Each structure stands twice: as C-alpha cells, then as structure tokens.
Amino acid sequence: MLDAGKLKLILPLRKGNALGLAKHEFITAEEARDAFDRLTELRGIHDWRPAVRMTPWTAATEGHMIVIEPDGSAQAWPVYDRPDLFLPLGNLMEEPITAIWERYPYKASHYAKYLGASILTAARIGA
C-alpha cells in the first residue's frame with residue numbers, strides 16, 4: 001500500500017528501555033531465522049514487494065557499525081561485553097578516520113554487513 005522499498009527488522013538488544021523486558025520477550029538467532037523464513041514465504045504468497053532485511057545479533061554482527069556522534073566521537077557498536085554496547089574508538093575532530101579505522105577491531109563484521117553476509121536479506125520483488 002505504501003510502496004515501501006525495504007522493511008528492516010532489527011532485534012532488540014539488552015540496552016536502554018529493553019533492560020526492563022523479560023527474557024522470554026527476546027528471541028534467539030535461530031528463532032529469528034525461522035521468523036525471517038516465514039515472513040519471506042508469506043511475502044511470496046501475498047505478493048508483498050519490499051525488500052526484507054533482518055539483523056540478528058550474533059558474533060558476525062558484533063561491532064559491525066561505527067557510530068559517529070555530533071561531537072566527532074567514533075564508537076564501534078554493538079560490542080556485547082560493554083555495558084552500553086559502545087566501544088570508544090577516538091574522535092574525528094582530533095585524528096583522521098584512517099587512524100580510527102586502523103585500530104577498529106571489527107573490520108570483518110563491518111565488511112560482512114555491507115556485503116550482506118551477516119544479515120538476512122530478501123530482495124525487493126518487482127518494481
């Protein structure tokens with residue numbers, strides 16, 4: 001109806017408002033895969049057109065994103081053993097991004113995200 005190009009589902013992490021959720025309100029990566037497969041099946045049955053993406057939180061997605069704050073601070077996210085899920089990397093106002101990238105410990109996860117290797121994907125149907 002809205003001709004959306006993409007539906008992106010991101011599972012909650014135990015952070016912020018989600019800290020108050022009961023354990024049974026979270027699903028496992030396997031349950032996420034099953035739900036994604038079912039959604040993809042229904043999409044074909046009902047001719048839903050948007051691309052569908054789902055990000056399960058696994059070792060392959062740890063630290064997959066570099067978050068840049070307005071003050072220039074750069075952080076890897078999500079880093080599961082950090083209480084706030086952020087790993088400080090440096091500040092772009094104080095050093096070049098190449099220096100931050102050089103010490104970024106999650107390069108493989110970062111590349112995997114952009115190559116579609118760590119998230120579940122189903123391409124947009126039709127035009």
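A: Let's start with one idea: two strands count as paired if DSSP finds at least two bridges between them. Keep that handy, and remember that what you have above is a predicted model.

Q: Okay, so which strands form a sheet here, and in what order?

A: In general, the strands of a sheet pair through backbone hydrogen bonds, either parallel or antiparallel. In this model, three strands make an open sheet, ordered β1-β2-β6, and the pairing is mixed.

Q: Which strands stand at the edges?

A: Those are β1 (6-10) and β6 (120-122). Each has a single partner strand, so one side of each is left without a neighbour in the sheet. As for the twist, it averages 10 degrees from one strand to the next.

Q: In what sense do β2 and β6 pair?

A: Strand β2, residues 51-55, runs antiparallel to β6, and three bridges join the pair. If you want a spot to look at, find Met 54: Leu 120 in β6 stands opposite.

Q: Let's switch to side chains. How many salt bridges are there?

A: The idea is a side-chain nitrogen of Lys or Arg within 4 Å of a carboxyl oxygen of Asp or Glu. Counted that way, there are four salt bridges. Let's visit some of them.

Q: Which side chain does Asp 37 meet in a salt bridge?

A: Arg 33, with 3.8 Å from N to O. Both residues belong to helix α1 (residues 29-46), and they sit four residues apart, about one turn of the helix.

Q: Are Asp 37 and Arg 33 buried or exposed?

A: Something in between! Buried means under 20% relative accessible area and exposed means over 50%. Asp 37 has 39%, so the label is partly exposed. Arg 33 has 41%, so that residue is partly exposed too.

Q: What is the N to O distance between Arg 49 and Asp 47?

A: Their side chains meet in a salt bridge at 3.2 Å. Try the accessibility reading again: Arg 49, at 33%, counts as partly exposed. Asp 47 is partly exposed as well, at 41%.

Q: And which residue does Arg 103 meet in a salt bridge?

A: Glu 95, where the N to O distance is 2.4 Å. Arg 103 has a relative accessible area of 42%, so call this one partly exposed. For Glu 95 the value is 23%. With the buried label kept for values under 20%, Glu 95 therefore counts as partly exposed.

Key
Residues are numbered from 1 along each chain as its sequence is written. This is a predicted model: local features need pLDDT of at least 70, side-chain atom pairs count only at pLDDT 80 or more; totals for chains, interfaces and linings use all residues. Side-chain values use heavy atoms; hydrogens and water are left out. Helices (H or I, at least four residues) and strands (E, at least two) are DSSP runs, numbered from the N terminus. Buried means under 20% relative accessible area, exposed over 50%, partly exposed in between (1.4 Å probe, protein chains only). Axes are lines fitted to C-alpha atoms, for helices over the stretch in contact, and angles run from 0 to 180 degrees between N-to-C directions.
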